[in-house]
Structure formats: C-alpha cells, structure tokens
Amino acid sequence: MESLQHYVDQLFQKYRGSKQIEELKWEVLSNLEAKVADLVADGLSLDEAVKKAKANLPSIDSIVGERRQVYIFLLVQELLQLGLLYVLIAWIVTMPLRIWGMGIFLNYSLFAICILIGIVYLILLGINRPASSQNLTSMNVRSACLLRKTGWMLWALYIVGTLVFTTALYFGSNLWFSTPVNLTGPYQFANVAVSYALPFLSILIPLWLHAIPRLILKYDAGEGDVIAK
C-alpha cells in the first residue's frame, strides 16, 4: 500500500539509511500491511483499519533501540556520586586560591555544592534500595549524546570567550594603545594567571554530561541485563 509506504518512510526520516534501518523499515511496513489486512477481514473499512494499525504502532525510537528502559534510581545515584567526586576535586584544587578574592568565593561555593550533593546522595542511600532500584524510566541515548556534544561545544565557546575577555581586560591597552602592561610583582602576575586558569574549572560540567550516555547503557534493563550493583 503506497500510503503505508509513505507513512513508514516519514517515520524513519531522521535515521540514516543503513542496511539495518532498511530491514527495520521493511519489517514495520510488512507488519502494518498484515495488521491492516486482518482488520479489514474483521469488518473494518480500509481507512479505519489503516488508522487503527498506525495508532497501535510502537514508537520508532523504541524499535530502533535508541530509547531504552533504564534503572533510573541506580543511574541517578551514580551520577550524583560522580558529580560529588568532580566537585570535591575542584574544591581541593581551588584551596590555594583562597589567598585571592574571587578564589575565596569560588572555594566556599564549591564546598557548599559538595555538601548539597552529599546530602541528596545520602538521602538516596537511605531510600528503600531493593524496591527503588527496580524503577524503570525510558531514556533516549541519541538525546543524551546530543546533550553531551552540546555541553562540550558550549564549554569550548565559553572558554574562548573568557580567554578573549581576560586578554582584552589585562592587555587590551597594550595591544591597542601601546601602553605598557603594569605587572609590578608576583601578586599581580598571579592575579592574571588565576584569571586565565579559573574558567577551566568549568570543565566539570561537560565531563559530568559526558557520563550520561555511558550510564544509560550501563543501567539498561534489556534482556539478559545484569546490574553491576
């Protein structure tokens, strides 16, 4: 049926035309045609049968396999654990910066975030784990990968922007008006160095996002899945 062929082509439009996808398209089309034939044999009109067969078709994401059923409790727990580890490392790294004005604020802020994540993590540990660990949520691997890619791209733009801004702030007058840079001692030099280095701590965010697709696959509740914890 030409209308069903067009309908299936539209459903698979966002996926690449690999051999596996073409086989899935053929299978979906065959199932739809068979379903329509059965419904017509049961007394429905052709239009009604086509409409009902389309309505009963599962989502293409689930057919392709990118949308997965995930043990969400365990995934969130490990994601929090990972976030806590990253923020703890950043907190330790920024301890020497407490001699510098902005460094004090940043170090205390990271400490506060550590406490916040730690509290949420402990609450999760206190929840009835055997029951909660079986809770399933549907998650899309493609969306998680897109989120990861977007996170890295935004971080790269942020780093480039802050580097340009810092350079303009400290050396703009030297570059544009040939005014000598005024670095009179170690403190001034450290001040400039910290201004350049501090934005790189934001790498914690894309690193954290980077782990999400891996955790989706780790806690996928597929057939034969064995949870590591």
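In the predicted model, the largest pocket has a volume of about 410 Å³. Its lining is formed by 18 residues, and those that lie nearest the centre of the pocket are Leu110, Leu201, Ser202, Leu204 and Ile205. Three helices, namely H5 (72-93), H6 (101-126) and H10 (204-218), each contribute at least two residues to the lining of the largest pocket. When the lining is sorted by class, 16 of its residues are nonpolar and two are polar, while no charged residue takes part.

The chain in which this pocket is found contains 10 helices and two strands, and the order of these elements from the N terminus is α-α-α-α-β-α-α-α-β-α-α-α. Of the 229 residues in the chain, 33% are buried.

Aromatic contacts were examined next. A pair of aromatic rings is described by the distance of the centres and the angle of the planes. Three aromatic pairs are present in the structure. In the pair made by Trp152 and Trp155, the ring centres are 5.9 Å apart and the planes stand at 90 degrees, and the arrangement is therefore edge-to-face, given that planes over 60 degrees apart are classed in this way. Both tryptophans belong to helix H8 (residues 141-177), where Trp152 and Trp155 are separated by three residues, or about one turn of the helix. The two side chains fall into separate classes of accessibility: Trp152, with a relative accessible area of 28%, is partly exposed, whereas Trp155, at 17% relative accessibility, is counted as buried, because the limit for burial is set at under 20%. Together with Phe200, Trp152 and Trp155 make up one aromatic cluster.

A further arrangement that involves an aromatic ring joins Lys54 and Tyr7, in which the charged end of Lys54 is placed over the ring of Tyr7 at 4.5 Å from the ring centre.

Among the polar residues, Ser195 is located in helix H9, which spans residues 186-197. With a relative accessibility of 14%, Ser195 counts as buried, since this value is under the 20% limit. The side chain of Ser195 is engaged in a polar contact with the side chain of Tyr170, at a distance of 3.0 Å. Tyr170 thus provides the side-chain partner in this contact of the buried Ser195.

Note on methods
Residues are numbered from 1 along each chain as its sequence is written. This is a predicted model: local features need pLDDT of at least 70, side-chain atom pairs count only at pLDDT 80 or more; totals for chains, interfaces and linings use all residues. Side-chain values use heavy atoms; hydrogens and water are left out. Rings of Phe, Tyr and Trp (its six-membered ring) pair if their centres lie within 6.5 Å; planes under 30 degrees apart count as stacked, over 60 as edge-to-face and the rest as tilted. Helices (H or I, at least four residues) and strands (E, at least two) are DSSP runs, numbered from the N terminus. Buried means under 20% relative accessible area, exposed over 50%, partly exposed in between (1.4 Å probe, protein chains only). A charge sits over a ring if NZ of Lys or CZ of Arg is within 6 Å of the ring centre and within 35 degrees of the ring normal. On a 1 Å grid over the protein atoms alone, a cavity is a set of points where a 1.4 Å probe fits but cannot get out, and a pocket is an open set with protein on both sides within 12 Å along at least five of seven lines; lining residues have an atom within 4 Å of a point. Grid points are joined across faces, edges and corners, and a volume is the space filled by probe spheres set on the points. Ala, Val, Leu, Ile, Met, Phe, Trp, Tyr, Cys and Pro count as nonpolar, Asp, Glu, Lys and Arg as charged, and the others, Gly among them, as polar. A polar contact is a pair of N or O atoms within 3.5 Å; within protein, one must be able to donate a hydrogen and the other to accept it, and residues adjacent in sequence count only if both atoms are side-chain atoms.
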